[in-house]
Amino acid sequence: MTDKMVKKADLNELLNRLLEDYRVFAPVRRGDITTFQQISAADEPDFSCTNTILSPKSLMLPQSECLFDFTLEKGSDMAGIMREIDKDYSPRVIFGIRPCDAQSFQLLDLNFDTSPYRDPWWVRRRHHTTLVGLGCNVPCSTCFCTSVGGSPFAEDGLDLLLTDVGDEFALQAITEKGEQLLTKTGIDTEPSAATAKAVLACKESALGLMRSSVPTNNLEKHDATALFNADFWDKVQFACINCGICTYVCPTCWCFDIQDEVRKNNGVRLRNWDSCMSPLFTLHGSGHNPRNEKLQRVRQRFMHKLKYFVDKYERGVACVGCGRCVEQCPVNIDIREVVRLMNQFKV
Amino acid sequence: MENPYLPYPVRIDSVITETEDRNLKTFKLVFLNSEDSEKFVHRAGQFAELSIAGKGEIPIGIASSPTEQGHLLFTVNKVGLVTSALHQMAVGEVMGVRGPLGNWYPWEEMDGKNVVIIGGGFAFTTLRASIVYMLHPENRSRFGDVTVIYGARTPGMLLYKDELAAWDERDDIRMHITVDASDDPDWKYNVGFVPTITQEKAPSAEDAYAIVCGPPIMIKFTLPILSELGFPPERIIMSLEMRMKCGIGMCGRCNIGTEYVCNDGPVFSLDQLGQLPNEY
């Protein structure tokens, strides 16, 4: 695959060329917060932020999305019948996504792109999106990607990888999609020997800067019901206030709700992010609730990511080690500590 | 790409009020498009999402047998937003059906075996589908003895009363209909809770499968009796309920451990459930 380089001063020109062929999404700073936004030629992306507060999951699974629309107009042939909605599936690029977030999309493919059912919106968005990753020279103190199968410069799940080597970005195409994008940028400068060396140095130094590591080696060996009944859940859940911020910021929390909304005679069927932290998430019509207690909900979130997912797909944990939940939790529940407890569990 | 969230449009063909409290109605639904009807091929034990535009969707067991062609039956208890709206709907109105969803009773395994069906209250819907399926002339010879134990609180709370009476007249199915209590002097069937009647009638476990559907309290007291009668856990079959949205294993709420009740279930053997966390 091809390697190129671009001077930082020429990056805007590169983005402008991409804007001719793609809708471009990149981290943009608004006020104190950097989030992934669709950019225009006037926007200046912010590549200094290692982890955006929100993961870019909303670009694949919008926080709220119309699935169908319908009319309730009496006498209409279509009254009460769901209709598919046309959406923009033109090519787009997520520019500057971190390797962990790109990896989260691959994990979510296991849930949304299945046999026999394929989630049509997820699958189409994945198909028409090119992921240009930005390696993490300085991982955050809460990052632990190397413990969960990733790394600050992991290529898996990316189409193209950028490395910030000071005055320039090195570009490394990883997939055919990445090659195509690279061609469209028109960049023709091969990386110099010094740049190539700097890229290697960045990768090596980033690994050295990783401050947390947690063992996950025993998770798949444990008996799920024994782990489910472990005593430590009571301690883990004690401080939790069920606010749900962990599920909100998590790139691998995909649970959703489906609701209808009506205004006058027209309505839509919506899909909204949902959270296992809410008791309503599992409340039966009868009033029975299998996860009525906070402990049950907290346990479900960790067991799902760190045990059920591991057992169901045999592709490791459903966590990419981005550390967002660690940073955002108002009562300092730390998933790394929970992994440790689960991993070292003895019956 | 097929959109698994898009319901098939159907028309309400008839509505039958099943119970004396008028809280349970059976809806007969007919597909608006014949090609949808051809695509909807189900097995007894599966469910579907009923969709009412503007209200939402609910997962409901399919009460009609695959052998009953051209329509679907759903018996719905009035509980929440969608079921209440459905109970208000009239013949001729259009709604949606999405499915069939989930797995089914283990018909392949049960081939050539005796089948004991134990049901309580309004959880008799997919059991009705199963009975109609087994009694169909093409299928009856594939099964040994068919025994049914079905109970409700009162005679007026039994579902499918005409069919129960008709099955009771047949000699190729053993019916044990029961009620918790009755002040009807003409009541000619059993009086007693389902577990008690199960113990009394003691269906043989030899070469037999038991399919059990009912309220949690009935299941709790029936399972030990089935064990006493010699039914091993892998031949006690149950169908679970959960709050669901997508019905296709994606929205994440109906799991018991690794298993999504919508997609990996709703049918599980007691043996399978014994290996999962006790959270349902």
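Q: What share of the contacts in chain A between residues at least 6 apart in sequence joins residues at least 24 apart?
A: In this predicted model, the share is 71%. A pair enters that count when the C-beta atoms lie within 7 Å.

Q: Why is the radius of gyration of chain A said to agree with a compact globule?
A: The rule, 2.2 Å times the number of residues to the power 0.38, gives a value near 20 Å for 347 residues. Chain A has 22 Å, which agrees with that expectation. Along its principal axes, the C-alpha trace of chain A spans about 65 × 65 × 40 Å. The chain has 11 helices and 11 strands, and 42% of its 347 residues are buried.

Q: What makes domain 1 and domain 2 of chain A partners in contact, and how many residues does each give?
A: Domain 1 covers 3-209 and domain 2 covers 224-343. Their C-alpha centres lie 25 Å apart, but contact is judged residue by residue, from C-beta atoms within 7 Å. On that basis, 35 residues of domain 1 of chain A meet 29 residues of domain 2 of chain A. Strand E4 (64-71) and helix H2 (99-112) of chain A are the elements that give two or more residues to the domain 1 side. That side has 18 nonpolar, 12 polar and five charged residues.

Q: How is chain B divided, and how many residues of its domains are in contact?
A: Chain B is divided into domain 1 (8-101) and domain 2 (107-239), with C-alpha centres 24 Å apart. Contacts link 18 residues of domain 1 of chain B to 14 residues of domain 2 of chain B. The domain 1 side consists of five nonpolar, eight polar and five charged residues.

Q: Which residues and elements make up the contact of chain B with chain A?
A: The contact takes 34 residues from chain B and 41 residues from chain A. On the chain B side, strand E4 (56-61) and strand E6 (94-101) are the elements that give two or more residues. The largest share, three residues, comes from E6(B). By class, this side of chain B has 16 nonpolar, 11 polar and seven charged residues.

Q: Why is A:Gly285 classed as it is, buried, exposed or partly exposed?
A: A:Gly285 has 15 other C-beta atoms within 10 Å. Burial requires 20 or more, and exposure 12 or fewer; A:Gly285 is therefore partly exposed. The residue lies in the loop between strand E11 (266-273) and helix H9 (294-313) of chain A, where A:Gly285 touches B:Val79 and B:Gly80 across the two chains.

Q: Which members of the largest nonpolar core touch the most other members?
A: Of its 164 residues, these are A:Val132, B:Phe74, B:Val115, B:Ala210 and B:Ile211. Membership requires a buried residue of a listed nonpolar type, joined through C-beta atoms within 7 Å. The largest share of this core, seven residues, comes from H9(A). Beyond its neighbours within four places in sequence, B:Phe74 is in contact with B:Phe27, B:Leu29, B:Leu50, B:Ile60, B:Ile62 and B:Ala63. In soluble globular proteins, nonpolar side chains tend to be buried together.

Q: Which peptide bonds of chain B are cis, and what values of omega do they have?
A: The bond joining B:Gly99 and B:Pro100 is cis, with omega about -5°. B:Pro100 belongs to strand E6 of chain B. The bond from B:Gly265 to B:Pro266 is also cis, with omega near 10°. B:Pro266 is placed in the loop between strand E14 (259-260) and strand E15 (267-269) of chain B. Most peptide bonds are trans.

Q: What makes the phi of B:Arg22 notable, and is the residue buried or exposed?
A: Phi is near 60°, a positive value in a residue other than glycine. Most such residues have a negative phi. B:Arg22 lies in the loop between strand E1 (8-17) and strand E2 (24-31) of chain B. Its count of 10 other C-beta atoms within 10 Å makes B:Arg22 exposed, since the limit for exposure is 12 or fewer.

Q: Why does B:Ala202 fall into its class, buried or exposed?
A: B:Ala202 has 12 C-beta neighbours inside 10 Å. Exposure takes in counts of 12 or fewer, so B:Ala202 counts as exposed. Its phi is positive, about 40°, although B:Ala202 is not a glycine. The residue sits in the loop between helix H6 (194-201) and strand E11 (208-213) of chain B.

Technical notes
Residues are numbered from 1 along each chain as its sequence is written. Chains are lettered from A and ligands numbered from 1 in the order in which they are written. This is a predicted model: local features need pLDDT of at least 70, side-chain atom pairs count only at pLDDT 80 or more; totals for chains, interfaces and linings use all residues. Helices (H or I, at least four residues) and strands (E, at least two) are DSSP runs, numbered from the N terminus. Ala, Val, Leu, Ile, Met, Phe, Trp, Tyr, Cys and Pro count as nonpolar, Asp, Glu, Lys and Arg as charged, and the others, Gly among them, as polar. Domain bounds come from an automatic or database domain assignment.
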